[in-house]
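Got your viewer open? Let's walk through this one together, one selection at a time.

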Amino acid sequence: MMAERAFRFGRARHLVGIAGLPPIARGTVGVIVLNTGLMHRVGPFRLHVDLTRRLNALGYPTLRFDLSTMGDSGASAEAGSREEQVRADVRDAAALLTGHAGCTRFVLVGLCRGAQSAHIACSEAGVAGAVFLDGYIYRTFGFKLRHYLPRLLSPARWRGFLARKLRQVVEPEEVTFGSVYPPRAQVRGELADMLARGLRFCFVYSGGIGEQLNHPRQFRECYGRRVADHPALRMDLLDGTDHTYTLLCDRERLFGHVEGWLLEQFPPTG
Amino acid sequence: MTPASEPCQFGRDGALIGMYHGVAGHAPVGMLLCPPLGQMLLRTHRVYRQLASGLAARGIGVLRFDYHGTGDSAGDSLALDWQHCLADIRSAAAELRVRSGCATVVGFGAQLGGSLALAAAATAGFARLILWDPVLDGARHVAELDAGQEALRNDPQHYVRPRGVEEAAGQWLGFPVSAQWRAQLAGWRAEPARVPTLILDSRPEPVAGGWSPLAEAGARVLAMPASTDWSDLHRLEHAILAPDLLRMVGAALEPAA
């Protein structure tokens, strides 16, 4: 029998997801994978499918599912903000894994907007950690130095710069793949609070967000030592990859990082 | 009121995953949505869902599903196999008949999903076919995919520096490709089906050779008002939109439903 099961679930039976349910020992964390952008639960190039199956093979129960109104999921008909909806959906997802695999602690995984959803849902009880793939990162003074200094001496870059300036009167402050970032101080404070509550984080940045992040040091510049140097936080920059890990060798690098971090921080019990 | 869609598992060991869009009571006509492959399967997910919901609201039972080695279904992406896909279509058509009670099943597919629906028409027992920009010449499609992969590895919007030939080998736009799959696809040449066939044409440029040999055999061709660029390297993660698809498919099915 196939080790994965398709479910319709949730407070309004409006969510659809696929659970991977290997036999597990009591206490093993469940891994919940959230939508990347507007793409359904399979993920870009089947990334979520491959990742969850690899984690199943390591002994982790998983659920990849569509948040309200995304993919195959419908709306819950509740009034409330998108943030409240994401938290409630993750509660429903956690309840499903509790019911079918006995998990009581969960790790959230999200790429891009999925990372933003994971950040929101980290406030939920039972969430013990998160893997943020191209999660929040803000341009810093260091970023601008590294970005603009080499360009100062290039006439071609100057021409391009002036042409862009002519085209756009107001340049947006952040390149955020179409989503609006909350203020940096808010994210920094929330990360610090969550770390203080005992959550563990794995940040992985791709080479595809070079317009936003151009050196591993930027993470500390952005969030300060209290967050960046916290022992429960790991940050890696997978230079050379693109934003959605299109090439197989890049996906392999990513999976290796995520698996390694999970095995170290949340080893399957038993 | 139309019942909500339900996820389902069928085929050997429940290895195939799909979504059934049921109707209240008995559905005289069912439609099987055969997905395209690779990233196109993901890009068309939303438009397939919209089509399925819309048709179910008109009293047509609809099943959409993923082939073995694709989407949510069991199997590694490298296990993709033409004959396996055709067998999966037969399984899915049987599942649709059981769930809906329909006597008539219409096969629908976009791009390579259209090719597979066409190839499986007889064995799956399709009464009609609706094919949206089907691939009719496998060798040409393989050449296009190879060119797309080469463009990807050199694309500055994806990579700061061009990626090595070895790093990009054996893949088509994000998916691994076995030698067997490549040969199977390259060997695909469409033959007309013995059932009424409608081609929905949304290609931005006319296809070399037209819709031969289907058009010569009597397939009806309808141009869609909005074109679809299936091969834009910079829209690999963007959903395919087809605002006229439901209206056109619904109109084509009216006599049958």
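Which residues of H3(B) are buried? Before you look, keep in mind that this is a predicted model. Now select Trp82(B), Cys85(B), Asp88(B), Ile89(B), Ser91(B), Ala92(B), Ala93(B), Glu95(B), Leu96(B), Arg99(B) and Ser100(B): those are the buried ones. As you click along, remember that an α-helix has 3.6 residues a turn, so residues three or four places apart point the same way.

Next, select the whole helix. H3 of chain B runs over residues 82–100, which makes 19 residues. From its first C-alpha to its last, H3(B) reaches 27 Å, close to the 27 Å expected at 1.5 Å a residue. Step just past the end and you land on Gly101(B), whose phi is positive, near 75°.

Now for the sheet. Colour the strands of chain B and follow the order E1-E2-E4-E3-E5-E6-E9-E10: eight strands in an open sheet, with mixed pairing. At the edges sit E1 (6–10) and E10 (220–223) of chain B, each pairing on one side only. Going from neighbour to neighbour, the strands of this sheet are turned by 20° against each other on average, direction ignored.

Zoom in on one pair. E3 (residues 29–34) and E4 (residues 61–65) of chain B run in the parallel sense and are joined over four bridges. Pick Gly30(B) and you'll find it standing opposite Gly61(B) in E4(B).

What packs on this sheet? One helix to show is H2 (residues 45–57) of chain B, which touches E2 (16–21), E3 and E4 of that chain. The direction of H2(B) makes about 160° with that of E4(B). Our earlier helix, H3(B), packs on the sheet too, touching E1, E2, E3, E4 and E5 (104–110) of chain B, at about 150° to the direction of E4(B).

Time to bring in the other chain. How many residues of chain B are in contact with chain A? Turn on both and you'll see 32 residues of chain B meeting 27 residues of chain A. On the chain B side, E1, E2, H1 (39–43), H2, H7 (165–168) and E8 (175–176) each supply at least two residues. E1(B) gives the largest share, four residues. Colour that side by class and you get 15 nonpolar, ten polar and seven charged residues.

Last stop: colour chain A by pLDDT. Its mean is 91, and 94% of its residues reach 70 or more. Over residues 171–177 of chain A, though, pLDDT stays under 50, and the model has seven contacts beyond four places in sequence for that stretch. Where pLDDT is low, the predicted coordinates should not be read in detail.

Key. Residues are numbered from 1 along each chain as its sequence is written. Chains are lettered from A and ligands numbered from 1 in the order in which they are written. This is a predicted model: local features need pLDDT of at least 70, side-chain atom pairs count only at pLDDT 80 or more; totals for chains, interfaces and linings use all residues. The expected span of a helix is 1.5 Å times one less than its number of residues. A residue is buried if 20 or more other C-beta atoms lie within 10 Å of its own, exposed if 12 or fewer, and partly exposed in between; C-beta atoms are placed from the backbone. Two strands pair if DSSP finds at least two bridges between them. Axes are lines fitted to C-alpha atoms, for helices over the stretch in contact, and angles run from 0 to 180 degrees between N-to-C directions. Two residues are in contact if their C-beta atoms, placed from the backbone, lie within 7 Å. Ala, Val, Leu, Ile, Met, Phe, Trp, Tyr, Cys and Pro count as nonpolar, Asp, Glu, Lys and Arg as charged, and the others, Gly among them, as polar. pLDDT is the predictor's confidence in each residue, from 0 to 100.
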